[in-house]
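Please read the points below with the sequence and the model open side by side. They are meant for someone who is meeting this structure for the first time.

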Amino acid sequence: MSEFVYNPASSVAGEFINDAEVCATIEYALQNKGNTGLVDEILSKPSIMKDGLTHREAAVLLVQEDQSVWERIYALAKEIKRKYYGNRIVMFAPLYLSNYCVNSCVYCPYHRQNKSIPRKKLTQEEIAREVIALQDMGHKRLAIEAGEHPELNPIEYILESIDTIYSIKHKNGAIRRVNVNIAATTVENYRRLHEAGIGTYILFQETYNKRRYEMLHPHGPKSDYAYHTEAMDRAQEGGIDDVGMGVLFGLSDYKYDFTALVMHAEHLVARFGVGPHTISLPRICDADDIDSKSFENGIPDWLFERITALLRITVPYTGMIISTRERPSMRRRLLELGVSQISGGSKTSVGGYADEAETGRLTEDEEHSAQFDVNDNRTLDEVVRWLLELGYIPSFCTACYKSGRTGDRFMSLLKAGQIANCCGPNAIMTLKEYLIDYASPETRKAAVPVIQRELGLIPNPVTKEKCETMLERIEHGERDFRF
Ligand code: SF4
Ligand code: SF4
């Protein structure tokens with residue numbers, strides 16, 4: 001018998017992601033496959049729009065096969081998305097700092113045994129060059145990524161890089177929010193990241209199934225399942241109250257990972273009073289040395305759509321992110337079903353933004369050092385125009401972080417439906433900045449009706465008037481307004 005007892009408020013990984021509870025939940029869900037009464041009861045919960053679902057309720061829905069149940073879930077997902085997030089889609093770009101790594105994750109080309117991939121670590125001068133290129137594209141929000149390497153990528157290197165990124169002001173450009181995706185670390189290091197002014201700390205669990213996790217991470221510090229799983233707790237203890245989670249769908253049974261992901265979110269609420277700020281939705285894909293077809297748990301499109309919509313209704317308060325791993329048609333579908341943040345114009349190799357901006361192409365090393373193959377190769381301008389034509393308002397907003405709306409403060413505003421009052425006008429103003437400073441004439445044209453429509457949707461007349469005034473000031477060269 002396991003030494004662990006399920007306790008969502010515990011600080012011990014085996015207790016809040018309790019294997020027996022995950023397995024019992026899946027068994028309970030499978031026993032209730034086709035139980036229309038229970039499904040109806042769950043989907044009719046009066047508090048669903050605000051509080052979402054428990055892991056047991058979500059698991060019951062996950063195993064349903066009746067398409068009419070899924071149509072109900074899709075409709076609810078769209079309604080929740082509209083209510084909390086409006087039409088805005090937040091834009092960001094990843095910036096890979098270093099692909100040196102001491103770990104051996106079998107699904108990632110940066111694993112230490114891979115001798116064929118070019119290895120690179122950006123100097124501070126190279127980071128400055130990349131940041132200028134990213135600013136010239138129009139980005140305001142970055143997610144920095146680095147392999148785990150205590151000697152080559154120590155915390156001091158990450159902190160110095162964050163300082164460099166925030167210090168670059170090129171023309172009207174500025175990176176206003178740096179999210180950080182680095183390996184699990186100590187409370188002290190999280191505190192230092194917090195003091196450096198990071199936005200969200202992002203760490204993917206990859207899989208919550210401990211046995212599978214240990215098979216996929218045979219060597220290196222990341223092989224310690226408990227240390228990795230308890231990282232978000234240490235981040236919170238270090239003062240970071242916006243954390244971003246995710247699993248890499250395809251590594252393990254999706255029912256296990258979905259259920260445990262929801263349990264992890266419940267754990268953060270139980271222990272710290274605030275759930276994850278974001279959940280990312282990656283699924284395994286090809287890269288140098290990695291063949292996604294060798295992973296038997298691969299997720300087909302139809303199932304990925306279900307998982308996305310179900311997550312949307314399970315954790316309504318959490319932003320959902322999709323990367324350029326997905327092709328445009330899939331991104332379009334997932335945006336409808338709940339995704340609120342996407343990357344655009346991304347490079348998934350170390351360096352690449354500056355070289356492409358200057359020469360129109362990547363170097364050979366950059367071409368062969370991507371962490372995963374990009375399936376959406378459009379420029380940021382093309383992605384922005386595409387979003388406008390789909391009726392969304394692309395947003396470069398970073399206001400919450402700058403206004404101290406983080407952690408439980410952010411969550412309570414979101415649950416009260418108040419954050420949308422900020423998101424709408426902020427999206428209009430940051431889009432306006434983008435249009436003036438970086439957009440093509442076609443994109444500017446596509447934005448005109450969307451901005452008019454969005455202005456008309458601002459419910460408070462005082463806010464609307466202020467927003468219009470700020471738009472005029474942006475036209476006259478001022479920047480960085482926010483609600
Ligand atoms: Fe290293 Fe991260 Fe890749 Fe694992 S997933 S090999 S830790 S870079
Ligand atoms: Fe995000 Fe806050 Fe801006 Fe809304 S107002 S887009 S929640 S940063």
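The numbered points that follow take up the core, three helix pairs, one buried helix and two loop residues.

1. A word of caution comes first, since the model discussed here is a predicted one. The points that follow should be read with that in mind.

2. A good place to begin is the interior, where the largest nonpolar core has 157 residues. The residues with the most contacts inside this core are Leu 95, Ile 162, Leu 193, Ile 313 and Ile 342. If neighbours within four places in sequence are left aside, Leu 193 is in contact with Ile 155, Ile 158, Leu 159, Ile 162, Val 180, Ile 182, Ile 198 and Ile 240. There is also a second, separate core of five residues, and among its members are Ala 143, Ile 202, Phe 204 and Ile 321.

3. Leu 193 also takes part in a helix pair, for helix H8 (residues 155-167) and helix H9 (residues 187-195) pack at an angle of about 10 degrees, with their axes 10 Å apart. Angles under 35 degrees count as roughly parallel, so H8 is described as roughly parallel to H9. On the H8 side the contact is made by Ile 155, Glu 156, Ile 158, Leu 159 and Ile 162, and on the H9 side by Asn 189, Arg 192 and Leu 193. Sorted by class, the residues of this contact are five nonpolar, one polar and two charged.

4. Which way do H21 and H23 run relative to each other, roughly parallel or roughly antiparallel? The axes of helix H21 (residues 419-437) and helix H23 (residues 461-475) come within 10 Å and cross at roughly 15 degrees, and that makes the two helices roughly parallel. Their crossing is right-handed. H21 contributes Asn 421, Pro 425, Ile 428, Met 429, Lys 432, Glu 433 and Ile 436 to the contact, while H23 contributes Thr 463, Cys 467, Met 470, Leu 471, Ile 474 and Glu 475. These residues divide into eight nonpolar, two polar and three charged.

5. The pair formed by helix H3 (residues 36-43) and helix H5 (residues 55-62) has axes that come within 10 Å and cross at roughly 125 degrees, and the two helices are therefore oblique to each other. The crossing of H3 and H5 is left-handed. Leu 38, Val 39, Ile 42 and Leu 43 of H3 meet Glu 57, Val 60 and Leu 61 of H5 in this contact, which by class has six nonpolar residues, no polar ones and one charged residue.

6. Helix H18 (residues 380-389) deserves its own point, as a helix that is mostly covered, with eight of its 10 residues buried. The buried residues are Leu 380, Asp 381, Val 383, Val 384, Arg 385, Trp 386, Leu 387 and Leu 388, so charged side chains are included in the list. Following H18 is Gly 391, whose phi is positive, near 95 degrees.

7. Two residues other than glycine also have a positive phi, and both can be checked by eye in their loops. Lys 171, with phi near 50 degrees, is found in the loop between H8 and strand E3 (177-181), and at 70% relative accessibility this lysine counts as exposed. Asp 289, with phi near 75 degrees, lies in the loop between strand E6 (278-280) and helix H14 (301-314), where its 49% relative accessibility makes it count as partly exposed.

Terms used: Residues are numbered from 1 along each chain as its sequence is written. Chains are lettered from A and ligands numbered from 1 in the order in which they are written. This is a predicted model: local features need pLDDT of at least 70, side-chain atom pairs count only at pLDDT 80 or more; totals for chains, interfaces and linings use all residues. Side-chain values use heavy atoms; hydrogens and water are left out. Axes are lines fitted to C-alpha atoms, for helices over the stretch in contact, and angles run from 0 to 180 degrees between N-to-C directions. Helices (H or I, at least four residues) and strands (E, at least two) are DSSP runs, numbered from the N terminus. Angles under 35 degrees count as roughly parallel, over 145 as roughly antiparallel, 65 to 115 as roughly perpendicular and the rest as oblique. A crossing is left-handed if the near helix is turned anticlockwise from the far one by less than a right angle, and right-handed if clockwise. Contact means heavy atoms within 4.5 Å. A nonpolar core is a set of buried Ala, Val, Leu, Ile, Met, Phe, Trp, Tyr and Cys residues joined through side-chain atoms within 4.5 Å. Buried means under 20% relative accessible area, exposed over 50%, partly exposed in between (1.4 Å probe, protein chains only).
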